[in-house]
Amino acid sequence: FARLALRTFAMTAIAMPAFGAPWQPPAEPKQWQEVRETLQSQDLISSTNWIFFGAMENATTQAAEYLSNLQPKQDSVVFDGLLLLKRSPDAEWVLRPLVMRAICKEGRLERRNANGEWSDYPGRADTADKVEWICRQKL
């Protein structure tokens, strides 16, 4: 029993981030790097240094989030966001560029519309952690 408990603990420790460790973006998987580089080589997205921010894949959808060009502005950080989206294996990539800002003290995100107005961006359970990471980058 002790060996099983020790093995279970070790596997859990490997799979989980360190307790209390701040969130940080995962490494960009090779698959997403290849997609991004292909789109950049076709001049469909800028050749800027995009930071991979996460991805979601299931049987019908592939999506990845990127950001770049972080600019501190008072109590926020404005940045370029990019969503790469494909709804079926045979579909073309849909590219959704957004100008966004992280509201540091509130732990939330906003996006700028075509009129230059800011509105809330739908949050997820980990949004506050991601905003904290974005805001740490301005230092």
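F52 is buried, with a relative accessibility of 6%; buried here means under 20% relative accessible area, exposed means over 50%, and partly exposed lies in between (1.4 Å probe, protein chains only). Before going on, please note that this is a predicted model, in which local features need pLDDT of at least 70 and side-chain atom pairs count only at pLDDT 80 or more, while totals for chains, interfaces and linings use all residues. Residues are numbered from 1 along each chain as its sequence is written, and side-chain values use heavy atoms, with hydrogens and water left out.

**Aromatic pairs**

Five aromatic pairs turn up in a search of the whole structure. Rings of Phe, Tyr and Trp (its six-membered ring) pair if their centres lie within 6.5 Å; planes under 30 degrees apart count as stacked, over 60 as edge-to-face and the rest as tilted. Two of these pairs are set out here.

| Pair | Centre to centre | Angle between planes | Type |
|---|---|---|---|
| W23 and F53 | 5.0 Å | 70 degrees | edge-to-face |
| F52 and Y66 | 5.5 Å | 75 degrees | edge-to-face |

W23 sits in the loop between α1 (2-15) and α2, and F53 in strand β1, so their pair ties together parts 30 residues apart in sequence. Helices (H or I, at least four residues) and strands (E, at least two) are DSSP runs, numbered from the N terminus. W23 is partly exposed at 22% relative accessibility, whereas F53 is buried at 8%. Ring pairs also bring in W133, linking W23, F53 and W133 into a cluster.

The other pair joins strand β1, home of F52, to strand β2, home of Y66, so it ties together parts 14 residues apart in sequence. Y66 is buried, at 3% relative accessibility.

**R36 and M100**

Y66 also appears beside R36: leaving aside neighbours within four places in sequence, R36 is in contact (heavy atoms within 4.5 Å) with E28, I45, W50 and Y66. R36 belongs to helix α2 (residues 30-41) and counts as buried because its relative accessibility is 11%.

M100, in strand β4, is buried too, with a relative accessible area of 5%. Not counting residues up to four places away in sequence, M100 touches V77, V78, F79, L109, E110, R111, W118 and Y121. M100 and F79 are 21 residues apart in sequence, yet their C-alpha atoms are 5.4 Å apart in space.

**Helix α3**

W133 of the ring cluster is one of the buried residues of helix α3 (residues 127-136), alongside T127, K130, V131, I134 and C135. What covers these buried residues includes β1 (51-57), β2 (62-73), β3 (76-86), β4 (94-103) and β5 (108-112).
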